[in-house]
Amino acid sequence: MAGEPQDDCLFCKIVAGTIPATIVRETDTTVAFRDINPQAPTHILVIPKAHYENGAALAAGAPQIAADVLAETQAVADEEKLDSYRTIFNTGSGAGQTVWHAHAHVLGGRGLQWPPG
Ligand code: 5GP
Ligand code: ZN
């Protein structure tokens, strides 16, 4: 069923606590943790606790939780004292998505080029 934990999903395991992560924030519906391979001084992933395969599926299936994830990106930026930051949802392998559980990347702490390439 939509939103249910998936046995083979890395981020569902982080939500369940069976794989460790450096968690920086948690709410009833979201978890934020440091990316294992950071691309900036601050690189945090904000995920819904519920399993949806990407941000679009999350927005369609659980719009309030999608809003919670977005609100948490700002909360993370505030805690990290970031004036400027970038929020990225990679959707599809061609865009670099490698984990099929919705996640927002929050990147900051260095200059970020635009367009990103
Ligand atoms: P994607 O490429 O799907 O947009 O992002 C997946 C992100 O998850 C990557 O930036 C990758 O470094 C991160 N990641 C992959 N495995 C782990 C893990 O076991 N722990 C943590 N904290 N991050 C991970
Ligand atoms: Zn999952």
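In which segment does P115 lie? I shall open with that residue, and then turn to the fold and the ligand. P115 lies in the segment that follows β5. The peptide bond between W114 and P115 is cis, with omega at about 0°. Please keep in mind throughout that this is a predicted model.

Allow me to say a word on confidence. The chain has a mean pLDDT of 97, and 100% of its residues reach 70 or more. For the complex, the predictor gives an ipTM of 0.99 and a pTM of 0.98.

Next, the annotation. An unreviewed UniProt entry places the feature "domain: HIT" at residues 10-117. In the model, that span is 29% helix and 23% strand. The C-alpha atoms at the two ends of residues 10-117 are 27 Å apart.

I come now to the sheet. It is an open sheet of 5 strands, in the order β1-β2-β3-β5-β4, and the pairing is antiparallel. Which strands form the edges? They are β1, residues 23-26, and β4, residues 85-88, each of which pairs on one side only. On average, neighbouring strands of the sheet are turned by 20° against each other, direction ignored.

Helix α3, residues 63-79, packs on this sheet. The helix touches β1, β2 (30-34), β3 (42-48), β4 and β5. The direction of α3 makes about 155° with that of β3.

Let us look at one edge in detail. Strand β4 is joined to β5, residues 104-108, by 4 bridges, and the two run antiparallel. Within this pair, R86 stands opposite L107 in β5.

Between α3 and β4 there is a loop, and K81 is found in it. The backbone of K81 deserves a remark: its phi is positive, about 60°, although K81 is not a glycine. Those who have the structure open may wish to view K81 alongside the cis bond between W114 and P115.

Finally, the ligand. How many residues are around ligand 1? There are 13, and those that come nearest are I36, N37, N90, T98 and V99. Sorted by class, the shell around ligand 1 has 6 nonpolar, 5 polar and 2 charged residues.

To summarise, the model shows an open antiparallel sheet of 5 strands, with helix α3 packed on it. A shell of 13 residues is found around ligand 1. Two backbone details complete the account: the positive phi of K81 and the cis peptide bond joining W114 to P115. Thank you for your attention.

Notes: Residues are numbered from 1 along each chain as its sequence is written. Chains are lettered from A and ligands numbered from 1 in the order in which they are written. This is a predicted model: local features need pLDDT of at least 70, side-chain atom pairs count only at pLDDT 80 or more; totals for chains, interfaces and linings use all residues. A residue is near a molecule or strand if its C-beta atom, placed from the backbone, lies within 6 Å of it. Ala, Val, Leu, Ile, Met, Phe, Trp, Tyr, Cys and Pro count as nonpolar, Asp, Glu, Lys and Arg as charged, and the others, Gly among them, as polar. UniProt positions are given in the numbering used here, feature names are shortened, and annotations may be inferred rather than shown by experiment. Two strands pair if DSSP finds at least two bridges between them. Axes are lines fitted to C-alpha atoms, for helices over the stretch in contact, and angles run from 0 to 180 degrees between N-to-C directions. Two residues are in contact if their C-beta atoms, placed from the backbone, lie within 7 Å. pLDDT is the predictor's confidence in each residue, from 0 to 100.
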